[in-house]
Amino acid sequence: MIVLPHDLDLPDRDTVLGQAIPFDRARWIPVLPDATWWPAELDSSPLAGKWPRVDRRTVFGIARKADTAEGRRHLLVGALVWGTGTKARSVDRRAQIFLHTPTADIDARLDAALAALREREATEAYRAFNNNQHIPYLGAAFFTKVLYFAGGESPALPHRPVILDSVVSRALKDLETVHADWPKNGWTTEQYRQYLAGVHDCAQKRGVQPEQVEAALFFHGKQLP
């Protein structure tokens, strides 16, 4: 298990749920298989300057409808939009998911991985997405976002899924909670299990939600050179 510092500066949950990312709808619609993949909830996102901004609360709302194929598509797109920002190059990278895998395969793999989350637990869902249910060009940094929003509100899971991306990974290394050879991306299922256990242990000791610990790591990582 990864042991996180006891004095890690944790944001409150409202701050975490309100973490909002700008997006450009006009860049996303052409790269999706068709317009029905776009979640209508995103069109209610408030403007902040030039761009609308989607927060975690909104994507959780999208995730509540993930019991249908269309709902799972919307969850995937909502998680991608929240994690990507407005740069055309970043959106184009996410578009590779839809260019290289038939929609029927995306549907089947999403269904299987999220079933693993519901019926077993987060580590097994990670294993599914990372192995036999892998969707090309959907790496762990983004499929853990899908898992987070799919299962992050469920009190029934022993370890609720949390996001692991390169920014969080950088923070783990800076805080010296992992070995120097801990990867920037492409983590094994065992590494995700260790991370998940460490986040949940820290959250339990501090009396907070796991996502507050994940967000603290993300904010720490963003401050690093």
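Which residue forms a salt bridge with aspartate 111, and how far apart are the closest N and O atoms? The partner is arginine 72, and the closest N and O atoms are 3.9 Å apart. The model discussed here is a predicted one.

**Salt bridges**

Side chains of opposite charge can pair when their charged atoms come close. In this structure there are 13 salt bridges. The bridge between aspartate 111 and arginine 72 spans two helices: aspartate 111 belongs to helix H6 (residues 103-119) and arginine 72 to helix H4 (residues 69-84), so parts that are 39 residues apart in sequence are tied together. The two partners differ in their cover. Aspartate 111 is partly exposed, because its relative accessibility is 31%, and a value under 20% would be needed to call a residue buried. Arginine 72 has a relative accessible area of 11% and is therefore buried.

Another bridge joins aspartate 201 to lysine 205, with 3.1 Å from N to O. Both residues are in helix H10, and because they are 4 residues apart, about one helical turn separates them. Aspartate 201 counts as buried, with a relative accessible area of 17%, whereas lysine 205 counts as exposed at 64% relative accessibility. Elsewhere, Arg120, Glu124 and Arg127 are joined into one network by salt bridges that share partners. One of the bridges there is between arginine 120 and glutamate 124.

The three bridges described above are listed here with their N to O distances.

| Salt bridge | N to O distance |
|---|---|
| Aspartate 111 and arginine 72 | 3.9 Å |
| Arginine 120 and glutamate 124 | 3.9 Å |
| Aspartate 201 and lysine 205 | 3.1 Å |

**Positive patch**

On the surface, a patch of positive charge is formed by Lys87, Arg89, Arg93, Arg170, Lys184 and Lys222. Arginine 93, one of these residues, sits in helix H5 (residues 88-100). With 42% relative accessibility, arginine 93 is classed as partly exposed.

Helix H5 also holds isoleucine 97. Isoleucine 97 has 0% relative accessibility and so counts as buried. Its C-alpha atom is 7.1 Å from that of isoleucine 135, although the two residues are 38 positions apart along the chain.

**Aromatic pairs**

The model contains 11 aromatic pairs. In one of them, the ring centres of phenylalanine 23 and tryptophan 38 are 5.9 Å apart and the planes meet at 55 degrees, so the pair is tilted. This pair links distant parts of the chain, with the two positions 15 residues apart in numbering. Phenylalanine 23 is in the loop between strand S1 (20-22) and helix H2 (25-28), and tryptophan 38 is in the loop between H2 and strand S2 (47-48). Phenylalanine 23 and tryptophan 38 are both buried.

What is the arrangement of the rings of tyrosine 192 and tyrosine 195? Their centres lie 6.1 Å apart with planes at 45 degrees, so this pair is tilted as well. Tyrosine 192 and tyrosine 195 are 3 residues apart in helix H10 (residues 189-206), which is about one turn of the helix. Tyrosine 192 and tyrosine 195 are both buried. They also belong to a cluster in which ring pairs link Tyr126, Phe129, Phe143, Tyr192 and Tyr195. Helix H10 thus contributes two tyrosines to aromatic pairing and holds the salt bridge partners aspartate 201 and lysine 205.

Methods: Residues numbered from 1 in each chain as written. Predicted model: local features only at pLDDT ≥ 70, side-chain atom pairs only at ≥ 80, totals over all residues. Heavy atoms only, no water. Patch = residues over 30% accessible without salt bridge, like charges linked within 9 Å, V, L, I, M, F, W, Y side chains within 5 Å. Areas by Shrake-Rupley, 256 points an atom, 1.4 Å probe, with all protein chains shown as cover. Salt bridge = Lys/Arg side-chain N within 4 Å of Asp/Glu carboxyl O. Lys, Arg positive; Asp, Glu negative; His and termini not counted. Charge placed at Lys NZ, Arg CZ, Asp CG, Glu CD. Buried < 20%, exposed > 50% of the residue type's maximum accessible area, 1.4 Å probe, protein only. Phe/Tyr/Trp six-rings, centres within 6.5 Å; stacked < 30°, edge-to-face > 60°.
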